[in-house]
Amino acid sequence: MVPVSLVGCPLLPPHQLPLPREVPLCGGEPERGQENLGGVWRYPAQQVGMVPPGKKPAGEASNSNKKCKRYFNEHWKEEFTWLDFDYERKLMFCLECRQALVRNKHGKAENAFTVGTDNFQRHALLRHVTSGAHRQALAVNQGQAEGGGAYPGLVPTPTSRGVKVEVDPSKVAVLTTVYCMAKEDVPDDRCSALLELQRFNLCQALLGTEHSDHYSPRRVRDMQVAIASVLHTEDCQRLRASPYVGLVLDETRDWPESRSLALFATSVSPCDGQPATTFLGSVELQEGEATAGQLLDILQAFGVPAAKLAWLSSSLPSDRLRSVGLQLRAACPLLTELHCLPGRTDPKPPAYLGEYESILDALFRLHGGPSSHMVPELRAALDLAAIDLAGPRPVPWASVLPIVEAVAEAWPRLVPTLEAAAPASPTAGTLALALRQFTFVAFTHLLLDTLPSVQKLALVFQPEEPDLALLQPLVMATAASLQAQRNSGGARLQGFLQELAASGPDGGNSRCTYRGVELAGYCEASVRGFNRLRGAFLDSMRTGLRDSYPGPSLDAVASFAAIFDPRRYPQAPEELGVHGEGALRLLLRAFAPAVVRQRALGDFALFKRVVCSLRRLGPRALCTKLACTHSELHELFPDFATLAALALALPAGAGLLDKVGRSRELRWWGPAGGGEGRSGHVVKIAVDGPPLHEFDFALAIEFLESGWGEGLLGVATHTKDSKTAELYLLLLRTGLGA
C-alpha cells in the first residue's frame, strides 16, 4: 500500500526521503578554497575561533548585527551532515547545494545556503533540508536526471528549478496574506479586498501588480493547500524522528446525525528534547466508527510504526472507545490510555441531566445576554466561564461550576422575575415553573457538591507543564468524595433537604418554601425519586472517572513523577538510595519492550546522585535533557532517556488543550457560520501554522506553482484495502485534503 499524504498533497514517505550524506567526488571542479577531505569537497573550518560543542562562541559565531542575538550550535553539524560553518565570516553553508552549484555551473542561481546565511536557527536548517533546492542538489550530486527516478511509482516532490532562485516578492506578499487569513479565520473571498488595501497603503511588494483575477477564491484554496503541504512535510519529519508518539482522538458532533473525529499526535524532538503537538486531520464518522487498523494506517502514512505509539487519549465515551482501545493495545506493546481531554461524557448519564441543561440553556439565552439588566449574576457567570452564547457548539452547562453557582445564588430573584415577564413571554412562564420544581433545585445543590473536586482535577492539565505528581492523589480524592456523596449525600444537598424538612408546616406537606419562594412538586415520593436520580448520576461519574484514569495508567504517571522530579528527592543520602525503587520497577514492567531492565536498575543509584548534583530542575527540564540525543545524560543513562521520552510524549498540557479547542471551534463554524466546518487546510494552518517569520513561503510557492496536488486522489485510490482507501479519502476531503 502506497502511503498517502493527509494534508492535501502526495509526499514522498518519510522513510523514503533522501537523507543527507557525504558527497563523493565524481566529476566537476571544486570551488576556490575547497579541499579534498575523505573523498568530499569541503570548505575547511578556520582554526582560529573554533568552539567546542556545547559552548557559546562568545560572539565570534553570533549574528550580532541582529536585534535578537543567536549563536551557531556545533551540534547541528552532527545532525545535518551537509552543514558547514565559516568561523571568520560567521556564515552557514550547505555543502550539497554548493557542490551542485559547481557541478552544473549555474552561475548566479543560488540560495541562502550557497552564498552563506547567519540565520542561526535550527528551524532554518529544517526548512532548507526539505526545500526543493536541497532535494535537487542531492539529485544532481547523485547524477540523477531532473525529476528523480529513484522512487518509481511515487509522485515526486516539486523541483521546478535546478536551484531555487530568488522568489518574486509580490508572490510572497500574496501568500502571506492568505496565510494570515487562514490563521485569523477570514473568509476566502476577502483576499482581493485585503490585497487592494495593502496596495492602497503602499505595500512595495504589491505596487504595480494586479491580482484580482488571478487570485480568485479557487486560487486562494490552492494556496492554502500549498501552505498546508509545507506544514505536512515538517510533520512527517517531526513524527518520524520522535522516539515515541501519543495519539489523541477528539470527537465533535456537528449535527445530531453528523460526527467528526479529529486526530492529533504528540511527539518529542530527539535534537532538543522538546515535546510538540501536531494536528493530523479529521474524519467524518457517518457510518460506524474508525477502527484501530485505520488509525494505525494513518500514523503509518506519517512514518509512525505501531511500536512507537505509547499513549492514547480520547474524548470518546468509554463504551465507544473500548473495542478500538483493545485492538490498539494488541498491536502496540507500549500503549497506555489516559483520557484527560475536556468534555468527555460519562457513560450512561441519567436522562434528567439533558433536561436540566436544556433549562439552563434557555435561561441564560433569555436573561444572560448583553442586553439583560435584570439578572447581572448570570452575565457575570458567562464572563467568568468564558462562554460565548453566539457560538455554535452546545454548552455543557451542568459541568461549569460558575454557572451552577450563579443559578443557585440568583434563584430566589429569578423565579419572581420570570413570572413577572410571563404575560409577555410564554418562555419566561415555562422557565419559572421549571425553576420552581423541587428536582431542579435539589439537582443544583447536588452539582454544587460534586463539581469542585472534578474542577480541581481538570485544573491539573491546564498549565503548560502539568504537575503530574498531583494527578493520582486528586483522582483518588475525587473518587472518595463521590463515594461519600453516594452513601450519605454532600453537605450542600443535605443542608437543603434539612431546611425543607424544617420549613414545611406538616413536615411532609407538599407546600413548602425555600429562601422565600414556594417549591413545586415536593413530597416524599419526589424525595425518593431524587435519591434514585442522585445514585444514578454519581455512579455514572464514578464510572467515567475510572475509565478516564485507569489504575495502571495512574501508577505509571505517579512513577514518572517520582523518578523525574528532583524537587521531590529526599535530602538524606540514606533515603535517596531507596527512593523510587518501586516506581522504577513498575515502569520497567509497563514499558519492558523499550528498556533493558538490569541495566536500568544498575544505573538508578548513579542516576539519582547525578541528578541531585545538578541544579534544582523541574521534571520537564530534566526529561528534556535526557531525551536530547546530544546531551551527556542521554549517553550515560540510555534507559532513563527512553523513559523520559515516554513521559514527554504524554498528551497533556496547555499546548494540547489550545490546539484541540481551536480545532473544535473551526470544525464547527462553516463559511457562513452555519456549522458546516472549515476546510481541512484552513484548520491545519490555523491550528499548526507557526509565526510568520518561521514559515517558508518560498517552498509554499514552489508547491503552488508545480501543481503538485493534481494526482492526489488517483494515488489515494491505489490503496489495496478499500476500507483504508475510503478513510483516506474522508481525511483528504474533510480533514487535511483537497
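Q: Angles under 35 degrees count as roughly parallel, over 145 as roughly antiparallel, 65 to 115 as roughly perpendicular and the rest as oblique. Which of these words describes how α19 and α25 lie to each other?
A: In this predicted model, helix α19 (residues 551–564) packs with helix α25 (residues 638–648) at an angle of about 125 degrees, and their axes are 11 Å apart. An angle that falls in none of the ranges for roughly parallel, roughly antiparallel or roughly perpendicular is left to the remaining class. The relation of α19 to α25 is therefore oblique.

Q: Which residues of α25 make the contact with α19?
A: The crossing in which α19 passes α25 is left-handed. On the α19 side, the contact is made by F560, I563 and F564. By class, the contact has eight nonpolar residues, with no polar and no charged ones. On the α25 side, the residues that make the contact are F640, L643, A644, L646 and A647.

Q: How are α5 and α28 oriented to each other?
A: Helix α5 (residues 132–141) and helix α28 (residues 697–706) pack with their axes 10 Å apart and at an angle of about 70 degrees. Since angles of 65 to 115 degrees form one class, α5 and α28 are therefore described as roughly perpendicular.

Q: How do the residues in the contact of α5 with α28 divide into nonpolar, polar and charged?
A: From α5, the residues taking part are G132, A133 and R135. They meet L699, E702 and F703 in α28. Sorted by class, the contact of α5 with α28 divides into three nonpolar, one polar and two charged residues.

Q: N141 in helix α5: is it buried or exposed?
A: N141 belongs to helix α5, and its C-alpha lies 9.7 Å from that of L101, a residue 40 positions apart from it in sequence. The relative accessibility of N141 is 2%, and a residue under 20% is placed in the lowest class of exposure. N141 therefore counts as buried.

Q: Which residues does T114 touch, not counting residues up to four places away in sequence?
A: T114 is part of helix α3 (residues 112–115). With a relative accessible area of 5%, T114 is buried. Once residues up to four places away in sequence are set aside, the residues that T114 touches are F93, C97, R98 and L101.

Q: R492 and T444 are 48 residues apart in sequence; how far apart are they in space, C-alpha to C-alpha?
A: R492 lies in helix α17 (residues 491–503), where its relative accessible area of 44% makes it partly exposed. Leaving aside neighbours within four places in sequence, R492 is in contact with H445, L448 and D449. From C-alpha to C-alpha, the separation of R492 and T444 in space is 9.5 Å.

Q: How many of the residues of helix α9 are buried?
A: Helix α9 spans residues 292–301 and is mostly covered. The buried residues of α9 are A292, Q294, L295, L296, D297, I298, L299 and A301. Just after α9, G303 takes a positive phi of about 85 degrees. Of the 10 residues of α9, the number that are buried is eight.

Q: L202 is not a glycine; what positive phi does it have?
A: L202 is placed in the loop between α7 (191–200) and α8 (217–241). Its relative accessibility of 57% makes L202 count as exposed. Although L202 is not a glycine, its phi is positive, at about 65 degrees.

Q: A386: is it buried or exposed?
A: A386 sits in the loop between α12 (376–385) and α13 (401–420). The phi of A386 is positive, at about 55 degrees, although A386 is not a glycine. A relative accessibility over 50% meets the cut-off for the highest class. At 68%, A386 therefore counts as exposed.

Q: Among contacts between residues at least 6 apart in sequence, what percentage join residues at least 24 apart?
A: The protein chain contains 30 helices and 11 strands, and buried residues account for 51% of its 738 residues. The chain exposes about 32,500 Å², of which carbon and sulfur atoms supply 54%. For contacts between residues at least 6 apart in sequence, the part that joins residues at least 24 apart is 71%.

Key. Residues numbered from 1 in each chain as written. Predicted model: local features only at pLDDT ≥ 70, side-chain atom pairs only at ≥ 80, totals over all residues. Heavy atoms only, no water. Axes fitted to C-alpha atoms, helices over the stretch in contact; angles between N-to-C directions. Helix = DSSP H or I, 4+ residues; strand = E, 2+ residues; numbered from the N terminus. Left-handed = near helix turned anticlockwise from the far one by under 90°. Contact = heavy atoms within 4.5 Å. Nonpolar A, V, L, I, M, F, W, Y, C, P; charged D, E, K, R; others polar. Buried < 20%, exposed > 50% of the residue type's maximum accessible area, 1.4 Å probe, protein only. Areas by Shrake-Rupley, 256 points an atom, 1.4 Å probe, with all protein chains shown as cover.
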